[in-house]
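Please look over the structure shown below before reading on, and keep it at hand while you follow the points. The briefing goes from the whole chain to single strands, a helix and a few individual residues.

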Amino acid sequence: MLTPMLLLASLLPLLLLCRTSLCQYSSDQCSWKGSGLTHEGHTRDVEQVYLRCSQGSLEWLYPTGAIIVNLRPNTVSPAAARLSVCVKPSPDSSGTNIYLDRNGRLRLLLREQDQAQGKVHCFSIQEGALFIEAIPRTDISRRITAFQYELVSNKFGAEALSPVAPCQPCTDAEMLLAVCTNDFVARGSIRKVEQKEEHSSVAVEISRLYRQKTQVFASGGVRVRSWTGQIKMPPQCRVRSGEGEFLFTGSVRFGEAWMGCAPRYKDFLRLYHEAERRGTNPCHMDTD
């Protein structure tokens with residue numbers, strides 16, 4: 001059995017011949033689904049996969065050999081260098097080890113047994129492509145490697161999903177910018193806080209919903225202008241149920257709401273009106 005470094009070294013001649021039939025490319029897309037059965041008899045082939053969306057998925061059935069997955073945004077911008085990639089394996093994912101490949105140097109990201117936990121793993125987009133190596137087995141019929149991915153901003157994306165994310169209060173500038181740029185902005189109260197091993201889950205009741213990227217807050221009905229939902233936080237960010245109203249902002253990652261800035265609403269109003277008088281608000285918000 002070849003080690004990952006020896007395997008990559010043995011594949012380098014093929015990588016240099018990617019215009020031949022030995023190297024296969026997928027077209028630019030958000031998601032990819034392939035089969036290792038096309039590698040049968042050509043286990044040293046490497047398929048280059050290019051995914052150019054902010055989110056998508058990959059499913060590799062019956063993995064053999066290796067594939068290199070290049071994750072990039074669909075626009076060219078200097079800000080792209082500050083993005084992070086977050087990967088969430090399917091609980092049924094198996095058959096491969098996943099590495100970060102930067103200029104031929106490999107760093108282990110996920111072992112096969114780690115993928116079954118379904119935990120989110122994030123890394124800087126500058127750390128390279130994903131090198132996914134099939135584990136040689138005589139029977140590959142039950143093996144499928146599958147994961148979802150998202151490209152996120154470093155500030156309120158990857159850090160929020162990290163188990164060691166810092167719990168620092170937002171600055172005034174960050175709070176004002178959050179209402180303009182975050183995936184959800186809502187005014188409401190905290191009903192319950194549940195502490196779990198991997199995160200805290202905050203049950204909220206929303207009285208005014210300014211914006212939500214996807215439907216993370218459920219409506220109370222046509223005649224009831226209220227919403228309910230769960231917002232997650234890293235486990236070390238201790239939060240308690242409290243009276244009064246808050247302004248909840250944050251990111252939606254893999255269909256789940258993660259808390260960003262959450263000042264008391266009265267404190268945000270004071271800050272917003274002060275910035276409004278100075279003309280320094282980054283955007284307008286209806287506070288009536």
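A residue is called buried when its relative accessible area is under 20%, exposed when that area is over 50%, and partly exposed in between. By this cut-off A66, with a relative accessible area of 1%, is buried. The model is a predicted one, and the points below should be read with that in mind.

**The chain as a whole**

- The secondary structure of the protein chain comes to five helices and 17 strands, and buried residues make up 45% of its 288 residues.
- If we take the contacts between residues at least 6 apart in sequence, 68% of them join residues that are at least 24 apart.
- The accessible surface of the protein chain comes to about 15,600 Å², and carbon and sulfur atoms account for 50% of it.

**An open sheet of five strands**

- Five strands form an open sheet in the order β2-β4-β11-β6-β9, and their pairing is mixed.
- The edge strands of this sheet are β2 (32-35) and β9 (121-124), each of which pairs on one side only, and from one strand to the next the twist averages 20°.
- At one edge, β2 pairs with strand β4 (residues 55-61) in the parallel sense over four bridges, and the bridge partner of S35 in β4 is L61.
- In a regular strand, the side chains alternate between the two faces of the sheet. In β2, W32 and G34 belong to a covered face, whereas K33 and S35 belong to an uncovered one.
- At the other edge, strand β6 (residues 83-89) and β9 run antiparallel and are joined by four bridges, and C86 has C122 as its bridge partner in β9.

**F123 in strand β9**

- F123, which is found in strand β9, counts as buried because its relative accessibility is 4%, a value under the 20% cut-off.
- Leaving aside residues up to four places away in sequence, F123 touches S84, V85, V87, L100, L109, G128 and L130.
- F123 and L83 are 40 residues apart along the chain, while their C-alpha atoms are separated by 8.9 Å.

**Strands β3 and β5**

- Strand β3 (residues 46-51) is mostly covered, since five of its six residues are buried.
- β3 pairs with β5 in the parallel sense over six bridges, and the partner of E47 in β5 is I67.
- The buried residue A66 has its place in strand β5 (residues 66-71).
- Although A66 and E133 are 67 residues apart in sequence, they are 4.4 Å apart in space, counted from C-alpha to C-alpha.

**Helix α5**

- The 14 residues of helix α5 (residues 265-278) should span 20 Å at 1.5 Å a residue, and the end C-alpha atoms are indeed 20 Å apart, which agrees.
- Which residues of α5 are buried? They are Y265, F268, L271, Y272 and A275.
- Seen down the axis of α5, these buried residues fall within an arc of 125°, so they line one face of the helix.
- This pattern can be read with a general rule: an α-helix has 3.6 residues a turn, so residues three or four places apart point the same way.
- The buried residues of α5 pack against α4 (172-181), β12 (184-195), β13 (200-212) and β16 (246-253), whereas K266 and R277, on the other side of α5, are exposed.
- After α5 comes G279, whose phi is positive, near 75°.

**Two residues with a positive phi**

- Most residues other than glycine have a negative phi, which gives a background for the two residues that follow.
- Y62 is not a glycine, yet it has a positive phi of about 50°. Y62 has its place in the loop between β4 and β5, and with a relative accessible area of 25% it is partly exposed.
- N103 is also a residue other than glycine with a positive phi, here near 55°. N103 has its place in the loop between β7 (96-102) and β8 (105-110).
- Is N103 buried or exposed? At 77% relative accessibility N103 counts as exposed, because exposed means over 50%.

Note on methods
Residues numbered from 1 in each chain as written. Predicted model: local features only at pLDDT ≥ 70, side-chain atom pairs only at ≥ 80, totals over all residues. Heavy atoms only, no water. Pairing = 2+ DSSP bridges. Axes fitted to C-alpha atoms, helices over the stretch in contact; angles between N-to-C directions. Buried < 20%, exposed > 50% of the residue type's maximum accessible area, 1.4 Å probe, protein only. Expected span 1.5 Å × (residues − 1). Arc of directions from axis to C-beta. Contact = heavy atoms within 4.5 Å. Areas by Shrake-Rupley, 256 points an atom, 1.4 Å probe, with all protein chains shown as cover.
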